[in-house]
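Please find below a note on the structure under review, set out as numbered points. Each point takes up one topic and may be read beside the structure.

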Amino acid sequence: MLSNTKKLARDGRTLTLTHTNVPAMQLMEFGLSEDAAKRAMRVRTVLPYMEDATVPCIDARKLWSRIGKPHKRFNDWANYHIKPLVDSQKHNTEISVFEIPNKQGKPSKNYTLSRDLAAKLAMQANTEDGNEIRCYFLDMERIVRNLERYNLGRAVVPVKLDNRLTHAAYKRNPEEATSHEKMLKSNVCKVLTGLRAGEVRLKYRMGIRDVLKNYAELQDTYNDAYKVALTMYEDGKKWRDSEPILVSIYGGKINLNQLQVK
C-alpha cells in the first residue's frame, strides 16, 4: 500500500519552473534575447529571491559594489540613499545597522538590507549595472506570463490528469493499475503522433511531454486528447471503443518530424 500512496502523491513540483530557477535557454525560448537571458542570470545572483522580501538579508556594501559603485564611495552612496531610511517608519524594519572594526581608528558603518529595498536602491543607481537591473524587472512581466503558461501545460494540467488516471486505474483493477496507466498514455501518444510512448522515448531519448515542452499549443492538444481518453476510461469504456473516437478528433494532430527537439 505504501507504493500506491506514493503514486497518488504527484504534485508536479519537479516539472514546475519559477523565475528563480528557469534556465537561460528556456528564457530565450520564451522570447527573450540572448543578452536579456544572460542579464536575468546575473541579476538573480545580485538580488536572490527571498520568501520574505522585507527581512534584512543583503549586505549593502556588497550590493553597492555589484551595482557599479554609484557615488564612487560607499559612504557617500549610503549617506544619500540609506541613512535617511534608517529612521523612517516605513523602512526601518528592512534595514539592519552594524559596525565593522577598522584598524585605522573609527569603525565603519554598514547595513543589511531587505531584498525589496535592495532592489529599489539598485534600480536607482545611475550606472550600467543599475540599468541592467531596471531592464531585468521590465523583462519580468514577459517571464512571468510565459512561465504561467509553461507550467500550466507542462505540470499543472498533466499532473491533475495523471492523478485522475491513477485513481481510476486502481478503482478499476488494482492489480493491473500501473499497466493500465502506461497503456492508456501510450495509446494516446500513438493516436496523436503515430508512435507509442516507448517509441518516442527510444527515438528522442525523452518522453512525449519533454519533446513538446517548447510547444505550448501542442501541449494543449496533447492534454486535450489525454483528458478525452481519460474521461472515457473513467466511464468504463475499453480502448477498442475509445480509439475510433480519439482518432477521428486527434489522429495525427502532432507531427514530430516538424519539431526542433533539443
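The points below concern the nonpolar cores, the aromatic pairs, one helix packing, one strand residue and two loop residues.

1. Status of the model. The structure is a predicted model, and the remarks that follow should be read with that in mind.

2. The largest nonpolar core. In soluble globular proteins, nonpolar side chains tend to be buried together. Here the largest nonpolar core has 36 residues, and those that touch the most other members are L27, L47, L63, W77, I82, Y111 and L113. At least two residues of this core come from each of α3 (34-46), α4 (60-66), α5 (74-81), β3 (105-113), α7 (115-124) and α8 (128-172). The greatest contribution is that of α8, with six residues.

3. Surroundings of L47. Which residues is L47 in contact with, leaving aside its neighbours within four places in sequence? They are I58, L63, R115, A118, A119, I133 and F137.

4. A second core. Separate from the core around L47 is a second one of 30 residues. Its members include A169, Y233, L246 and Y250.

5. The aromatic pair of W64 and F74. The model holds four aromatic pairs. In one of them, W64 and F74 meet edge-to-face, with 5.8 Å from centre to centre and 70° between the planes. This pair links distant parts of the chain, since W64 belongs to helix α4 and F74 to helix α5, 10 residues apart. W64 counts as buried because its relative accessibility is 9%, under the limit of 20%. F74 is likewise buried, with a relative accessible area of 4%. Through ring pairs, W64, F74 and W77 are linked into a cluster.

6. The aromatic pair of Y222 and Y226. The ring centres of Y222 and Y226 are 6.0 Å apart and the planes stand at 55°, so this pair is classed as tilted. Both residues lie in helix α12 (residues 216-234); because they are four residues apart there, about one helical turn separates them. Y222 and Y226 are both buried.

7. Packing of α9 and α13. Two packed helices are described by the angle between their axes and the distance between the axes. For helix α9 (residues 177-193) and helix α13 (residues 239-250), the angle is about 30° and the axes are 9 Å apart. Their crossing is right-handed. On the α9 side the contact is made by N187, V188, V191 and L192, and on the α13 side by W239, L246, V247 and Y250. By class, seven of the contact residues are nonpolar, one is polar and none is charged. Of the α13 residues in this contact, L246 and Y250 also belong to the second core.

8. E99. This residue lies in strand β2 (residues 95-102). Is E99 buried or exposed? E99 is exposed, because its relative accessible area is 55%, over the limit of 50%. Not counting residues up to four places away in sequence, E99 touches P107, S108 and K109. Between E99 and V144, 45 residues apart in sequence, the C-alpha to C-alpha distance is 39 Å.

9. Two loop residues with positive phi. Most residues other than glycine have a negative phi. K69, although not a glycine, has a positive phi near 55°, and K72 has a positive phi of about 70°. K69 lies in the loop between α4 and α5, and K72 is found there too. K69 is partly exposed, with a relative accessible area of 43%, whereas K72 counts as exposed at 72% relative accessibility.

Terms used
Residues are numbered from 1 along each chain as its sequence is written. This is a predicted model: local features need pLDDT of at least 70, side-chain atom pairs count only at pLDDT 80 or more; totals for chains, interfaces and linings use all residues. Side-chain values use heavy atoms; hydrogens and water are left out. Axes are lines fitted to C-alpha atoms, for helices over the stretch in contact, and angles run from 0 to 180 degrees between N-to-C directions. A crossing is left-handed if the near helix is turned anticlockwise from the far one by less than a right angle, and right-handed if clockwise. Contact means heavy atoms within 4.5 Å. Ala, Val, Leu, Ile, Met, Phe, Trp, Tyr, Cys and Pro count as nonpolar, Asp, Glu, Lys and Arg as charged, and the others, Gly among them, as polar. A nonpolar core is a set of buried Ala, Val, Leu, Ile, Met, Phe, Trp, Tyr and Cys residues joined through side-chain atoms within 4.5 Å. Buried means under 20% relative accessible area, exposed over 50%, partly exposed in between (1.4 Å probe, protein chains only). Rings of Phe, Tyr and Trp (its six-membered ring) pair if their centres lie within 6.5 Å; planes under 30 degrees apart count as stacked, over 60 as edge-to-face and the rest as tilted.
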